[in-house]
Amino acid sequence: MESPSLDGFRCLNLACPAYSQLGLGNIRLRKWYDTRSGRRRLLRCATCGREFSELKGTALWNTRLPHERAADIMEHVTRGNSFKETAELTHTHRTTVSRLVCIAGEHAQRVHDHHAQDLRVTSLQADERHGFVGRKDQPCWEATVIDPRSKFLVQNAHGARTTDLAVRLLFETRSRLHDPHGVVLFTDGWLPYDSLFPQVFGRPYQPKRQGSRGRLPRLQHRIPRTSGHVRIIKTYHGKRVTDIRIERAAGSQRRIDQELEALGYTTPNTSAVERHNGTARRMNPHQVRKSLAFARLPHVRQTVSDLVNAVYNYCRVHRSLRVKLDEPVGRRQYAQRTPAMAIGIADAVWSVLRLLRTVVLPTPCRS
């Protein structure tokens with residue numbers, strides 16, 4: 001595989017004046033060195049003199065397997081194959097597969113944290129999926145928030161189906177948005193969404209107190225006219241849905257109707273996130289239905305989910321996101337796009353190897 005140009009590297013030394021800056025010409029080739037997975041370049045920063053490998057900051061750092069083989073392992077796992085099946089298909093030990101997947105999952109989460117910022121979205125859909133960790137009597141829910149227009153998975157959270165799960169999900173989602181006060185949220189009938197929406201997507205204000213003494217009243221939140229919350233409440237009889245009730249929980253009806261028209265919906269729904277639930281169960285070996293391959297440890301459950309979500313966002317094309325070409329290229333009339341391309345944070349379809357080789361800069365420690 002051809003080595004990338006040195007122009008795409010930056011200094012990873014936090015104390016360097018040229019830290020994280022591209023195009024300065026300060027990265028030089030120090031030497032080539034041999035590893036079990038092939039020849040690698042040792043780079044040197046001309047500004048601070050620090051030396052580092054070209055794989056520093058990637059998921060392939062200190063990986064002894066060939067990089068193409070490591071990418072094949074991630075491909076098999078994100079196609080719904082268990083660790084044991086992946087080990088047999090790639091002729092790798094099962095513990096090696098588990099270790100590499102955990103490393104890749106942590107790296108995928110850092111890549112997502114770096115790129116999924118300042119997102120310009122106007123609507124979101126939230127839902128939860130049921131799963132297990134360790135044993136069948138230890139449920140582990142995965143809550144997800146998706147942009148229905150670009151099908152981009154904005155945020156996910158794991159844990160028991162309690163208010164804490166909704167708090168982590170919604171507040172972390174809010175931190176990724178460019179304008180959190182201009183979003184219409186579509187959810188199911190889970191009550192924490194209803195109680196948390198004003199705190200997350202509302203504007204805080206301090207009410208005036210009665211008189212001149214005593215403590216100030218508790219902080220309140222106003223719902224702006226540019227946002228709204230719609231609950232789709234389903235009534236079940238056994239495992240079948242017998243009734244669906246739509247409730248405007250917050251915001252103006254005019255803003256909600258405007259967003260429904262932009263999405264092409266006739267009635268409020270959570271179809272995008274529910275379709276993603278089915279896709280995620282096919283991609284994640286720990287969520288395949290009628291399977292005993294659930295994760296034994298919460299950390300493994302989290303990292304595999306992070307890897308699957310990153311591959312879904314950056315590496316898998318979505319048929320509904322394709323756009324027609326101005327001029328056909330041979331028999332090709334459409335350009336395929338991933339959710340990351342549709343939302344505007346990627347310019348091409350990533351390969352799994354590119355995801356693993358993406359450099360994530362270290363973050364400074366808090367003082």
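Biologist: How many positive and how many negative side chains does the protein chain have?

Modeller: Keep in mind that we're looking at a predicted model. Lys and Arg are counted as positive here, Asp and Glu as negative. The centres of the two sets lie 3 Å apart. The count itself is 61 positive and 33 negative side chains.

Biologist: OK, and what share of the residues in the protein chain is buried?

Modeller: A residue goes in the buried group when its relative accessible area is under 20%. The chain has 367 residues to sort that way. The buried ones come to 46%.

Biologist: How many helices and strands are there in the protein chain?

Modeller: The C-alpha trace spans about 70 × 55 × 55 Å along its principal axes. Within the chain you'll find 10 helices and 15 strands.

Biologist: Let's pick a sheet. Which strands are the edge strands of the open sheet with the order S8-S7-S4-S9-S12-S13?

Modeller: That open sheet has 6 strands, and its pairing is mixed. An edge strand pairs on one side only, and that fits S8 and S13 (240-251). On average, neighbouring strands here are turned by 15° against each other, direction ignored. So much for the layout; the edge strands are S8 and S13.

Biologist: Now strand S7. Is it largely enclosed by the rest of the structure or largely open?

Modeller: Strand S7 covers residues 141-147. Of its 7 residues, 6 are buried, so S7 is largely enclosed.

Biologist: Which residue in S8 stands opposite Glu-142?

Modeller: S7 pairs with strand S8 (residues 152-159) in the antiparallel sense, over 7 bridges. The two form a hairpin with 4 residues between them, and Lys-151 in the turn has a positive phi of about 60°. On the S4 side, 5 bridges join S7 to the antiparallel strand S4 (residues 123-129), and there Arg-129 stands opposite Glu-142. In S8, the residue opposite Glu-142 is His-158.

Biologist: And in S12, what's the bridge partner of Leu-185?

Modeller: Strand S9 (residues 184-188) and strand S12 (residues 228-237) run parallel, paired over 5 bridges. The partner of Leu-185 in S12 is His-229.

Biologist: Which strands does helix H5 touch as it packs on the sheet?

Modeller: Helix H5 takes in residues 191-201. Its direction makes about 170° with that of S12. The strands H5 touches are S4, S9, S12 and S13.

Methods
Residues are numbered from 1 along each chain as its sequence is written. This is a predicted model: local features need pLDDT of at least 70, side-chain atom pairs count only at pLDDT 80 or more; totals for chains, interfaces and linings use all residues. Side-chain values use heavy atoms; hydrogens and water are left out. Buried means under 20% relative accessible area, exposed over 50%, partly exposed in between (1.4 Å probe, protein chains only). Two strands pair if DSSP finds at least two bridges between them. The place of a charge is taken as NZ of Lys, CZ of Arg, CG of Asp or CD of Glu. Axes are lines fitted to C-alpha atoms, for helices over the stretch in contact, and angles run from 0 to 180 degrees between N-to-C directions. Contact means heavy atoms within 4.5 Å.
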